[in-house]
Amino acid sequence: MEDYDVYELSLDDHFYFACNPGVPCFNACCGDLSQYLTAYDILRLKNHLGMSSSDFLAAYTSQHIGGESGLVVVSLKPDPASSELRCPFVGPEGCQVYEDRPSSCRAYPLARVAARSRETGAITERYMLMKEPHCQGFDQERTLTVRQWITEQGLEPYNRANDLMMELISAKNRFSPGQQLDLAARNIFYTGCYDLDRFRQEVLETGKLDDVGFDEDRRQAAKTADEVLLPMALEWVKRMLYGTTY
């Protein structure tokens, strides 16, 4: 892996960057795939493709247990027809799922680092600019702020959903640090975080959320709206595994 420079930027700091078919290295970053997917990434991708979450996960992802977290991590599988380990959704003209691409693709060349205070629950965020030597997007004359990039790339809903996932990871670190989940707990985590359609069918629609405290209007909306269902599913996972919503 090549070395690259990292610079911390404030929301109103400027940087030079552009990525489009006119940039010589266009699509180069879509090879040598090492792409972790968040819960919201999967929601957006499976809906873009018109697939159930179970079918999407089976067709396009692999999973392993995170060495530090002990939690299930889902990764995008490279295109099996590519010797360069390319993303299965990239074509000659670019990303074929661009409107619903994963958060790390949207944020690049930035990386968001978020932390949640145990005392106040407040979330703080930092943004890092990753300047990789192979990327010629930095040679373009276009300049913009971090704040503008966040808005332009549609990162806000991804950030909000990822912060909910961070709360779940924080609960795991408090109550069972460094421990792997047993099989039953792993199934709860995987279903609530990643396999949202299965969660809707096996948990929401069977009435297993009736005693969890979600109001009726919210539960009814979640039957058809994944953006409503996902926060409920993540909260359900926290309650089931750790008996807490904080």
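In this predicted model, strand β4 is joined to strand β5, which spans residues 72–76, by 5 bridges, and the two strands run antiparallel. One of the pairings can be followed at residue level, since serine 62 has serine 75 in β5 as its bridge partner. Helix α6, made up of residues 183–193, packs on the sheet to which these strands belong, where α6 touches both β4 and β5 and takes a direction at about 45° to that of β5. The sheet itself is open and consists of 3 strands in the order β3-β5-β4, with antiparallel pairing. Its edges are formed by β3 (36–37) and β4 (61–65), each of which pairs on one side only. A further helix, α2, covering residues 53–60, lies across β3, β4 and β5 and runs at about 85° to β4.

From the sheet, helix α6 leads on to a helix pair. Two packed helices are described by the angle between their axes and the distance between the axes. For α6 and helix α9 (residues 226–242), the packing angle is about 165° and the axes are 8 Å apart. Angles over 145 degrees count as roughly antiparallel, and α6 and α9 are therefore roughly antiparallel to each other. The crossing in which α6 passes α9 is left-handed. On the α6 side, the contact is made by Ala185, Ile188, Phe189, Gly192 and Cys193, which meet Leu230, Ala233, Leu234, Trp236, Val237, Met240 and Leu241 of α9. By residue class, this contact of α6 with α9 comprises 11 nonpolar residues and 1 polar residue, with no charged residue.

A second antiparallel arrangement is found in strands β8 (residues 110–116) and β9 (residues 123–131), which are joined by 7 bridges. Within this pairing, alanine 115 has threonine 124 of β9 as its bridge partner. The two strands form a hairpin with 6 residues between them, and in the turn glycine 121 adopts a positive phi of about 80°. Ahead of β8, in the loop that connects α3 (103–107) to that strand, lies proline 109, and the peptide bond leading from tyrosine 108 to proline 109 is cis, with omega near 15°.

Some further loop positions call for attention to their backbone geometry. Most residues other than glycine have a negative phi, and most peptide bonds are trans. Asparagine 27, which is not a glycine, nevertheless has a positive phi of about 80°, and its place is in the loop between β2 (14–16) and β3. Because its relative accessibility is 12%, asparagine 27 counts as buried. Leucine 85, likewise a residue other than glycine, has a positive phi near 55° and is found in the loop between β5 and β6 (90–91). With a relative accessibility of 39%, leucine 85 counts as partly exposed.

One more loop residue, glutamine 153, sits between α4 (146–152) and α5 (156–175). Is this glutamine 153 buried or exposed? Its relative accessible area is 8%, so glutamine 153 is buried, the cut-off for that class being under 20%. When residues up to four places away in sequence are not counted, glutamine 153 touches Tyr98, Arg101 and Arg106.

Key. Residues are numbered from 1 along each chain as its sequence is written. This is a predicted model: local features need pLDDT of at least 70, side-chain atom pairs count only at pLDDT 80 or more; totals for chains, interfaces and linings use all residues. Side-chain values use heavy atoms; hydrogens and water are left out. Two strands pair if DSSP finds at least two bridges between them. Helices (H or I, at least four residues) and strands (E, at least two) are DSSP runs, numbered from the N terminus. Contact means heavy atoms within 4.5 Å. Axes are lines fitted to C-alpha atoms, for helices over the stretch in contact, and angles run from 0 to 180 degrees between N-to-C directions. Angles under 35 degrees count as roughly parallel, over 145 as roughly antiparallel, 65 to 115 as roughly perpendicular and the rest as oblique. A crossing is left-handed if the near helix is turned anticlockwise from the far one by less than a right angle, and right-handed if clockwise. Ala, Val, Leu, Ile, Met, Phe, Trp, Tyr, Cys and Pro count as nonpolar, Asp, Glu, Lys and Arg as charged, and the others, Gly among them, as polar. Buried means under 20% relative accessible area, exposed over 50%, partly exposed in between (1.4 Å probe, protein chains only).
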